[in-house]
Each structure stands twice: as structure tokens, then as C-alpha cells.
Amino acid sequence: FEIQAESDGAFRTVHTGVLDGSENRARFLWKTPVSARRWRLRALTEAKGAAWSSLAEIELLRPATGAP
């Protein structure tokens, strides 16, 4: 999958990864903050050979004030 961010009319990939297909929550942290107007999750493959991919929830958080 790719997580993409857009703030100037063009999406750019800010994270890539592979999920294990489980129902467990996954967490991804960036070393530097990413500011965006819109976000996109792009599935590149499907889990367990299915013909589709799905996502139940996504939560984007900002660092706490004063965080490094």
C-alpha cells in the first residue's frame, strides 16, 4: 500500500508498506510531520488472494504541542 498526501494539487507518496492481512491495528509514524489538504490510501495488492481490498478506519494525528 501507499499513503499519499496532497497540498498543492498533486499527490505524493509519504509512506509505503505491507500489511499482514490480519484484523489487528497497524500504526505508522513519520519522522517529520506531513501537512496535507487531502490524504489517499492506495492499495497495491489485496490480502489473502482476494479480488478487493478494504479499510475500516483510518486515523491521522498531529504531534502534541512541543513534540520534537
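# Reading a three-stranded sheet and its pocket

User: Let's start at the hairpin of β1 and β2: which residue there takes a positive phi?

Analyst: That's G9, with phi near 100 degrees, in a hairpin that has four residues between the strands. Keep in mind as we go that this is a predicted model.

User: Fair enough. How many helices and strands should I look for in the protein chain?

Analyst: Zero helices and three strands. Read from the N terminus, the elements simply go β-β-β. For the overall dimensions, the C-alpha trace spans about 40 × 30 × 20 Å along its principal axes.

User: In what order do the strands sit in the sheet?

Analyst: The order is β2-β1-β3 in an open sheet, and the pairing is antiparallel. That leaves β2 (11-16) and β3 (38-42) as the edge strands, each pairing on one side only. Ignoring direction, neighbouring strands of this sheet are turned by 30 degrees against each other on average.

User: How many bridges join β1 to β2, and which residues could I use as landmarks?

Analyst: Five bridges join them, with β1 covering residues 2-6 and the two strands running antiparallel. For landmarks, take I3, whose bridge partner in β2 is H15, and A5, which is partnered with R12 in β2.

User: And on the other side, how many bridges pair β1 with β3?

Analyst: Five bridges there as well, again in the antiparallel sense. A handy place to check is E6, whose bridge partner in β3 is R38.

User: Now burial. Is β1 mostly covered or mostly open?

Analyst: Mostly covered: five of its five residues are buried. Look at the two faces separately and you get E2, Q4 and E6 on one side, with I3 and A5 on the other, all buried. Set that against the protein chain, where buried residues make up 12% of the 68 residues.

User: Q4 sits in β1; why does Q4 count as buried?

Analyst: The cut-off for buried is under 20% relative accessible area. Q4 comes in at 7%, so it counts as buried.

User: What do the polar contacts of the Q4 side chain look like, say with T13 and R40?

Analyst: The Q4 and T13 side chains are joined by a polar contact of 3.4 Å. The one between the side chains of Q4 and R40 is 2.7 Å. If you're displaying the model, put Q4, T13 and R40 on screen together.

User: On to pockets. What's the general idea behind finding empty space?

Analyst: You roll a probe the size of a water molecule over the atoms, and that shows where empty space is left. In this case, the largest pocket holds about 1900 Å³ of space. It is lined by 42 residues, and the closest to its centre are A26, F28, L55, E57 and I58.

User: How does the lining of the largest pocket divide into nonpolar, polar and charged residues?

Analyst: You get 25 nonpolar, eight polar and nine charged.

User: Take I58 from that list. Where is I58 placed, and is I58 buried or exposed?

Analyst: I58 lies in the segment after β3. Exposed means over 50% relative accessible area, and I58 counts as exposed because its relative accessibility is 53%.

User: How far apart are I58 and R25 in sequence and in space?

Analyst: They're 33 residues apart in sequence, and their C-alpha atoms are 9.8 Å apart.

User: One last residue: where is L44 found, and how should I read its accessibility?

Analyst: L44 is in the segment after β3 too. Its relative accessible area of 46% makes it partly exposed, as that class runs between the 20% and 50% cut-offs. You can also compare L44 with V18: the pair is 26 residues apart in sequence and 9.2 Å apart in space, C-alpha to C-alpha.

Note on methods:
Residues are numbered from 1 along each chain as its sequence is written. This is a predicted model: local features need pLDDT of at least 70, side-chain atom pairs count only at pLDDT 80 or more; totals for chains, interfaces and linings use all residues. Side-chain values use heavy atoms; hydrogens and water are left out. Two strands pair if DSSP finds at least two bridges between them. Axes are lines fitted to C-alpha atoms, for helices over the stretch in contact, and angles run from 0 to 180 degrees between N-to-C directions. On a 1 Å grid over the protein atoms alone, a cavity is a set of points where a 1.4 Å probe fits but cannot get out, and a pocket is an open set with protein on both sides within 12 Å along at least five of seven lines; lining residues have an atom within 4 Å of a point. Grid points are joined across faces, edges and corners, and a volume is the space filled by probe spheres set on the points. Ala, Val, Leu, Ile, Met, Phe, Trp, Tyr, Cys and Pro count as nonpolar, Asp, Glu, Lys and Arg as charged, and the others, Gly among them, as polar. Buried means under 20% relative accessible area, exposed over 50%, partly exposed in between (1.4 Å probe, protein chains only). A polar contact is a pair of N or O atoms within 3.5 Å; within protein, one must be able to donate a hydrogen and the other to accept it, and residues adjacent in sequence count only if both atoms are side-chain atoms.
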